[in-house]
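User: I'd like to go through how a few labels in this model were decided. Can you take me through the cut-offs as we go?

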Amino acid sequence: FIMQKFVDTESLNKNGELSMIWKLDIPPCVKLFLWRLCRDCIHTKSNMRSCDVECSIMMCPICEEQMENTFHTFVTCVGR
């Protein structure tokens with residue numbers, strides 16, 4: 001509650017019900033990964049660039065064919 005006074009958390013609100021992730025009978029690290037995946041909080045080059053982190057090459061380091069983003073990394077990358 002105290003952090004809400006100092007940090008704007010409105011940008012963290014996303015549509016959808018993610019609380020069910022925390023109820024799954026899986027290891028906590030997997031829950032956290034799924035939550036971050038659903039929230040698009042994975043450290044891909046496109047996400048880091050949107051946070052003003054310098055990324056000289058935006059292409060996927062695995063296939064080198066498309067820009068590295070969450071969808072490409074976990075769904076469409078042919079080299080995974």
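Analyst: Sure. A disulfide here is a pair of cysteine sulfur atoms within 2.5 Å. Keep in mind that this is a predicted model, where local features need pLDDT of at least 70 and side-chain atom pairs count only at pLDDT 80 or more, while totals for chains, interfaces and linings use all residues. Residues are numbered from 1 along each chain as its sequence is written, and side-chain values use heavy atoms, with hydrogens and water left out.

User: Why is cysteine 41 not bonded to cysteine 51?

Analyst: The closest cysteine sulfur to that of cysteine 41 belongs to cysteine 51 and sits 8.9 Å away, so the two are too far apart for a bond. Cysteine 60 is in no disulfide either, with the sulfur of cysteine 77 as its nearest at 3.8 Å. By this rule the count is 0 disulfides.

User: What makes cysteine 60 buried?

Analyst: Buried means under 20% relative accessible area, exposed means over 50%, and partly exposed is in between (1.4 Å probe, protein chains only). Cysteine 60 has 3% relative accessibility, so it counts as buried. Cysteine 41, at 30%, counts as partly exposed.

User: And threonine 70, buried or exposed?

Analyst: Buried, because its relative accessibility is 11%.

User: How do you know that the side chains of threonine 70 and aspartate 40 make a polar contact?

Analyst: A polar contact is a pair of N or O atoms within 3.5 Å; within protein, one must be able to donate a hydrogen and the other to accept it, and residues adjacent in sequence count only if both atoms are side-chain atoms. The side chains of threonine 70 and aspartate 40 make one at 2.4 Å.
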